[in-house]
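Q: Please take a close look at one part of this model, the sheet and what surrounds it. I would like a connected account that works outward from a single strand.

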Amino acid sequence: MTDDKLRATPAARKLADDLGINLYDVSGTGANGRIHKEDVENYKAVNKVKLSPLAKKMAEDLGLDLTDVTGSGAKGKIKKRDILALLEAQEPEIATEAATVAPIPVVEEDPTIEKIKMSPMRKVIAQRMTESYLKAPVFALNYEVDMTNLIALRKQVLEPIMEKTGNKVTFTDLIGLAVVRNLMKPEHKFINSSLNPEGTEITVNKFVNLGIAVGLDEGLLVPVVKNADKMSLSEFVTESKVLIKATQAGKLKPDQMSGSTFSISNLGMFGIDSFNPIINQPNSAILGVAATHQKPVVVDGEIVIRPIMKLTLTIDHRVVDGMNGAKFMVDLKHTLENPMELLI
């Protein structure tokens with residue numbers, strides 16, 4: 001735009017040239033009607049070509065210049081029929097082909113569904129579970145445990161531990177301590193180990209940091225009882241309660257949910273019969289604890305009703321063989337059915 005009779009700033013002239021706008025169509029707000037850059041921007045905004053989604057796609061695919069096209073839709077919106085009219089005048093053959101383009105479906109919000117963005121916690125859980133599921137070839141071992149003696153032991157220690165610690169001992173506490181005691185046996189060292197990311201070296205832990213899965217409305221966290229192998233039952237109960245309460249209150253610190261060597265996930269309180277938990281990497285195994293149900297079993301040749309709990313051990317088959325996992329479960333079953341060993 002080089003017309004000296006037209007009053008416009010250099011910036012307005014350049015922008016008009018870049019946008020292909022005729023400055024004679026722009027009203028200036030400066031002195032004596034001088035056009036400023038802002039006037040060009042406002043003109044562009046007000047006179048922006050309005051297109052329907054299908055018209056926009058057709059124009060882009062066909063490389064059409066719609067500057068001089070007046071839309072037949074509301075407020076001058078250019079519709080498919082306007083594109084076809086333009087093509088009919090310029091390229092009749094293309095117009096016939098373009099007329100067959102299917103309309104772009106308009107997706108409306110469905111009031112019967114709700115879309116929720118993944119929270120940061122949920123994203124981390126999803127990433128870790130996906131990595132674990134895809135990375136580790138897993139093997140699950142299922143066992144039934146007669147809970148008669150463990151139930152009796154809990155009743156015996158319930159009041160003494162409450163008086164000493166102010167906390168109620170749970171079956172998760174007793175099962176957790178039984179797991180810890182068996183993990184410390186040399187023959188079960190691979191159950192308490194981890195494989196490096198490259199898959200070239202196994203780290204055998206000579207201590208137990210026990211992760212206990214805690215479910216929250218917004219996701220699953222696994223607080224870790226550090227050095228659980230050095231704890232008595234009352235100490236284990238105290239530490240686990242501190243961690244679980246911190247988790248539920250949203251006050252769990254990063255170092256309190258890292259460094260686990262083995263994990264437990266207990267869904268028994270929800271009546272779950274059995275389930276296969278996903279390993280909490282880089283652990284090589286995880287124990288799933290299901291509900292206890294009264295079932296008929298054979299004892300000394302007679303059918304009796306006993307409280308039976310199902311346990312599932314999920315192992316990383318790269319590190320733990322099925323036989324080694326089975327031996328661990330046999331020993332764990334023995335400890336749970338003869339729980340006085342936990343107090344020795």
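A: In this predicted model, I264 stands opposite L287 in strand 9. S263 likewise has a residue across from it in strand 9, namely I286. These positions belong to the pairing of strand 8 (residues 262-266) with strand 9 (residues 285-299), which is parallel and extends over 4 bridges. Strand 8 also runs parallel to strand 4, to which 3 bridges join it. There, L210 is the residue opposite F262 of strand 8.

The side chains of strand 8 can be sorted by direction. In a regular strand, side chains alternate between the two faces of the sheet. In strand 8, F262, I264 and N266 point one way, while S263 and S265 point the other way. Burial does not separate the two sets, since all of these residues are buried. With 5 of its 5 residues buried, strand 8 is largely enclosed by the rest of the structure.

The wider sheet is open and has 6 strands in the order 1-10-9-8-4-7, with mixed pairing. Strand 1 (138-146) and strand 7 (224-225) are the edge strands; each has a single partner strand, so one side of each is left without a neighbour in the sheet. Helix 8 (residues 171-183) lies across strand 4 (210-212), strand 8, strand 9 and strand 10 (302-316). Relative to strand 8, helix 8 runs at about 155°.

The loops that connect these strands contain some backbone details. Between strand 8 and strand 9, the loop includes P282. The peptide bond leading from Q281 to P282 is cis, and its omega is near 10°. Further along, D300 lies in the loop between strand 9 and strand 10. D300 is not a glycine, yet its phi is positive, near 50°. D300 is also exposed, at a relative accessible area of 78%. A positive phi near 50° is found again at N227, another residue other than glycine. N227 sits in the loop between strand 7 and helix 9. With a relative accessible area of 38%, N227 is partly exposed.

The loop holding N227 leads to helix 9. Helix 9 (residues 233-248) crosses helix 7 (residues 148-165) at roughly 65°, and the two axes come within 10 Å. The crossing of helix 7 and helix 9 is right-handed. Helix 7 contributes V157, I161, K164 and T165 to the contact, and helix 9 contributes L233, S234, V237 and T238. By type, the residues of this contact divide into 4 nonpolar, 3 polar and 1 charged.

Helix 1 (residues 10-19) can be described by its two sides. A12, R13, L15 and A16 are the buried residues of helix 1. They cover an arc of only 170° around the axis, which puts them on the same side of helix 1. P10, K14 and D18 are exposed on the other side of helix 1. After helix 1 comes G20, with a positive phi near 70°.

To return to the starting point, strand 8 is joined to strand 4 by 3 bridges and to strand 9 by 4 bridges, and helix 8 lies across strand 8.

Terms used
Residues are numbered from 1 along each chain as its sequence is written. This is a predicted model: local features need pLDDT of at least 70, side-chain atom pairs count only at pLDDT 80 or more; totals for chains, interfaces and linings use all residues. Side-chain values use heavy atoms; hydrogens and water are left out. Two strands pair if DSSP finds at least two bridges between them. Contact means heavy atoms within 4.5 Å. Axes are lines fitted to C-alpha atoms, for helices over the stretch in contact, and angles run from 0 to 180 degrees between N-to-C directions. Buried means under 20% relative accessible area, exposed over 50%, partly exposed in between (1.4 Å probe, protein chains only). The arc is that of the directions from the helix axis to the C-beta atoms. A crossing is left-handed if the near helix is turned anticlockwise from the far one by less than a right angle, and right-handed if clockwise. Ala, Val, Leu, Ile, Met, Phe, Trp, Tyr, Cys and Pro count as nonpolar, Asp, Glu, Lys and Arg as charged, and the others, Gly among them, as polar.
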